[in-house]
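The paragraphs below walk through a structural model, moving from a helix to the core it helps to build and then to the contacts made by aromatic and charged side chains. Please keep the sequence and the structure in view while reading.

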Amino acid sequence: MILKDGKTYKTIAEAAKELGGVSAKTVREWIAKRIVEEPPTFEHGVRTVAYFPPEYITKAKERLREYRKSKESNRGRGR
């Protein structure tokens, strides 16, 4: 849990569980591959901390559904 401006947000590990029980590493890979967008961040001293608000989780779930659906529709097609 991350506390920012009096509100609590999910960490990447907590978001990973909610996005299908995957690992934080998987979520980082999805972000790097632009399957889901970058989460919001804030500065905490010299660190930049990513946090995962409910709106982000909802949007990421939708993007993952679309991504998986497009992968399924491309199965069996030649490259």
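Just after helix α2, Arg 34 takes a positive phi of about 65 degrees, a value that, like every other one here, comes from a predicted model. In the helix that precedes Arg 34, the buried residues are Ala 24, Val 27, Trp 30 and Ile 31. Viewed down the axis of α2, these buried residues fall within an arc of 115 degrees, so they line one face of the helix. The face turned away from that buried side carries the exposed residues Lys 25 and Ala 32, while the buried residues themselves pack against α1 (12–18) and α3.

Val 27, which lies in helix α2, is a useful residue to follow inward. Its relative accessible area is 0%, and because buried means under 20%, Val 27 counts as buried. Leaving aside residues up to four places away in sequence, Val 27 touches Ile 12, Ala 16, Leu 19 and Val 22. Pro 54 stands 27 residues from Val 27 along the chain, and the C-alpha atoms of the two are separated by 15 Å.

In soluble globular proteins, nonpolar side chains tend to be buried together. The largest nonpolar core in this model has 15 residues, and those with the most contacts inside it are Leu 19, Val 27, Trp 30, Val 36 and Tyr 56. The elements that give two or more residues to this core are α1, α2 and α3. Val 36 touches Trp 30, Ile 31, Tyr 56, Ala 60, Arg 63 and Leu 64, again not counting residues up to four places away in sequence.

The strands offer a second place to look. Strands β3 and β4 pair in the antiparallel sense over four bridges, and within this pairing the bridge partner of Phe 42 in β4 is Val 49. The hairpin formed by β3 and β4 has two residues between the strands, and there Gly 45 takes a positive phi near 65 degrees.

Phe 42 also leads to the aromatic side chains, since it forms one aromatic cluster with Tyr 9 and Tyr 51. How many aromatic pairs does the structure hold? There are three aromatic pairs. In the pair made by Tyr 9 and Tyr 51, the ring centres are 4.7 Å apart and the planes stand at 55 degrees, so the pair is tilted. Tyr 9 lies in strand β2 (residues 7–9) and Tyr 51 in the loop between β4 (47–50) and α3, so this pair ties together parts that are 42 residues apart in sequence. Both Tyr 9 and Tyr 51 are buried. Phe 52 and Tyr 56 make another pair, with ring centres 5.2 Å apart and planes at 75 degrees, so the arrangement is edge-to-face. Phe 52 counts as buried at 2% relative accessibility, and Tyr 56, one of the residues with the most contacts inside the core, is likewise buried with a relative accessible area of 6%.

Charged side chains add a further set of links. Side chains of opposite charge can pair when their charged atoms come close. A search of the whole structure finds six salt bridges, among them one between Arg 63 and Glu 37, whose closest N and O atoms are 3.8 Å apart. This pair links distant parts of the chain, because Arg 63 sits in helix α3 (residues 54–74) whereas Glu 37 sits in the loop between α2 (24–32) and β3 (41–44), 26 residues apart. Arg 63, which is also touched by Val 36, is partly exposed with a relative accessible area of 28%, and Glu 37 counts as partly exposed at 35%.

Within helix α3, the side chains of Glu 62 and Arg 65 meet in a salt bridge at 3.0 Å, N to O. Being three residues apart in helix α3, Glu 62 and Arg 65 are separated by about one helical turn, and Glu 62 is partly exposed with a relative accessible area of 34%. Elsewhere, salt bridges that share partners join Lys 10, Glu 18 and Lys 61 into one network. In that network, the side chains of Lys 10 and Glu 18 meet at 3.2 Å, N to O. Lys 10 counts as partly exposed at 30% relative accessibility, and Glu 18 counts as partly exposed at 34%.

Terms used:
Residues are numbered from 1 along each chain as its sequence is written. This is a predicted model: local features need pLDDT of at least 70, side-chain atom pairs count only at pLDDT 80 or more; totals for chains, interfaces and linings use all residues. Side-chain values use heavy atoms; hydrogens and water are left out. A salt bridge is a side-chain nitrogen of Lys or Arg within 4 Å of a carboxyl oxygen of Asp or Glu. Buried means under 20% relative accessible area, exposed over 50%, partly exposed in between (1.4 Å probe, protein chains only). Rings of Phe, Tyr and Trp (its six-membered ring) pair if their centres lie within 6.5 Å; planes under 30 degrees apart count as stacked, over 60 as edge-to-face and the rest as tilted. Two strands pair if DSSP finds at least two bridges between them. The arc is that of the directions from the helix axis to the C-beta atoms. Contact means heavy atoms within 4.5 Å. A nonpolar core is a set of buried Ala, Val, Leu, Ile, Met, Phe, Trp, Tyr and Cys residues joined through side-chain atoms within 4.5 Å.
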